[in-house]
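Hi there,

Here is the structure I promised to pass on to you. Have a look at it first, and then read on for what turned up in it.

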Amino acid sequence: MATINEILSLKKERRATILAHNYQIAEVQDVADLVGDSLELSRAAARLDCDVIIFCGVDFMAETAAILSPQKTVVLPARGACCPMAHMITPEQLCDLKSLHPEAAVVCYVNSTAEIKAESDVCCTSANGVEVVASLSEDEVIFVPDRNLAAYVARHTKKKIIPWDGYCYVHDRLTAQDVTTARALHPEAEVLVHPECSPQVIDLADFVYSTAGMGRHANSSSASEFIIGTEIGMIHRLKKENPSKEFYPLSENAICQNMKKTDLDLVLRALQTLEPRVSVPEQIAVRARRSIERMLAVKV
Ligand code: SF4
């Protein structure tokens, strides 16, 4: 409790805002000013009236906030909390792929480094990938780094999608057998899965949503039980917003180790020291910002 009080008073003193991704541990979500997916949080970061953003998430999210809010101090409390998928492609590899497909547009998932965003034409999220691809004039699209999101988008477009072979280990290891087992245990429940899941899991789901979409669906659905196919931290937010409904993880193993690195002690230390700070060199930020802003202009 001492830590929470210290966090709240230091937050005020620093004119700081605490943002927490849906996959953060419950204590961190509960102390945050805003809990959401990476895009919701980055958008919020840009419009917030504050001097400091404590971004409880992983590296690419804090980078995106820094790109959109260059005048604010952005701090990632857990040093080294990274998204392995974002690092599965390098700028050199993307440039090689672009030279193999010179006519193709390049779409990168926001779960990517600032350098990859800078080398792309437009970003997308798990919520708007289909609309972003539809908005392009090109008939060929290089899609990086997530092969599963690429496959999901390819189902909904006639364009040729050229995927990169990256993946989120948390979602990719969910299996069709997990869905069959969970449905047998909870036959009345709706199955909601994230588009980072494999095509085999998506085939068996009732709905495919980003985490923000899962939240909206759970709030509005008449169903009272849900099997949730994403990182386990999402269950905390869903239960909090829908106390009369039941939420079951598709797998208890759907845990992102990097998302779990942040705890209240690190949040407090981040407020005390304003470190580890995240910034993006301006020559990269300016190009990455263009890809993000082009995405934000696409109507969903
Ligand atoms: S859940 Fe997957 S995509 Fe999200 S940060 Fe962890 S590894 Fe990256």
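Keep in mind that this is a predicted model. Let's start with the pockets: the largest one holds about 210 Å³ of space. It is lined by 13 residues, and those closest to its centre are L39, R43, A127, N128 and V300. Three helices, α3 (38–47), α12 and α15 (282–296), each give two or more residues to this lining, and α3 gives the most, with 3 residues. Sorted by class, the lining has 7 nonpolar, 4 charged and 2 polar residues.

The second largest pocket has a volume of about 180 Å³. Its lining has 16 residues, and S126, A127, N128, Y152 and V208 lie nearest its centre. Here α7 (129–134), α8 (147–154) and α12 supply at least two residues each. The lining divides into 8 nonpolar, 6 polar and 2 charged residues.

Now for a pair of helices. Two packed helices are described by the angle between their axes and the distance between the axes. Helix α12 (residues 211–220) packs with helix α13 (residues 234–241) at an angle of about 30 degrees, and their axes are 10 Å apart. Angles under 35 degrees count as roughly parallel, so α12 is roughly parallel to α13. The crossing of α12 and α13 is right-handed. On the α12 side, the contact is made by T211, M214, G215, A218 and N219, and on the α13 side by M234, L238 and E241. By class, the residues of this contact are 4 nonpolar, 3 polar and 1 charged.

Enjoy exploring!

Methods. Residues are numbered from 1 along each chain as its sequence is written. This is a predicted model: local features need pLDDT of at least 70, side-chain atom pairs count only at pLDDT 80 or more; totals for chains, interfaces and linings use all residues. Side-chain values use heavy atoms; hydrogens and water are left out. Axes are lines fitted to C-alpha atoms, for helices over the stretch in contact, and angles run from 0 to 180 degrees between N-to-C directions. Helices (H or I, at least four residues) and strands (E, at least two) are DSSP runs, numbered from the N terminus. Angles under 35 degrees count as roughly parallel, over 145 as roughly antiparallel, 65 to 115 as roughly perpendicular and the rest as oblique. A crossing is left-handed if the near helix is turned anticlockwise from the far one by less than a right angle, and right-handed if clockwise. Contact means heavy atoms within 4.5 Å. Ala, Val, Leu, Ile, Met, Phe, Trp, Tyr, Cys and Pro count as nonpolar, Asp, Glu, Lys and Arg as charged, and the others, Gly among them, as polar. On a 1 Å grid over the protein atoms alone, a cavity is a set of points where a 1.4 Å probe fits but cannot get out, and a pocket is an open set with protein on both sides within 12 Å along at least five of seven lines; lining residues have an atom within 4 Å of a point. Grid points are joined across faces, edges and corners, and a volume is the space filled by probe spheres set on the points.
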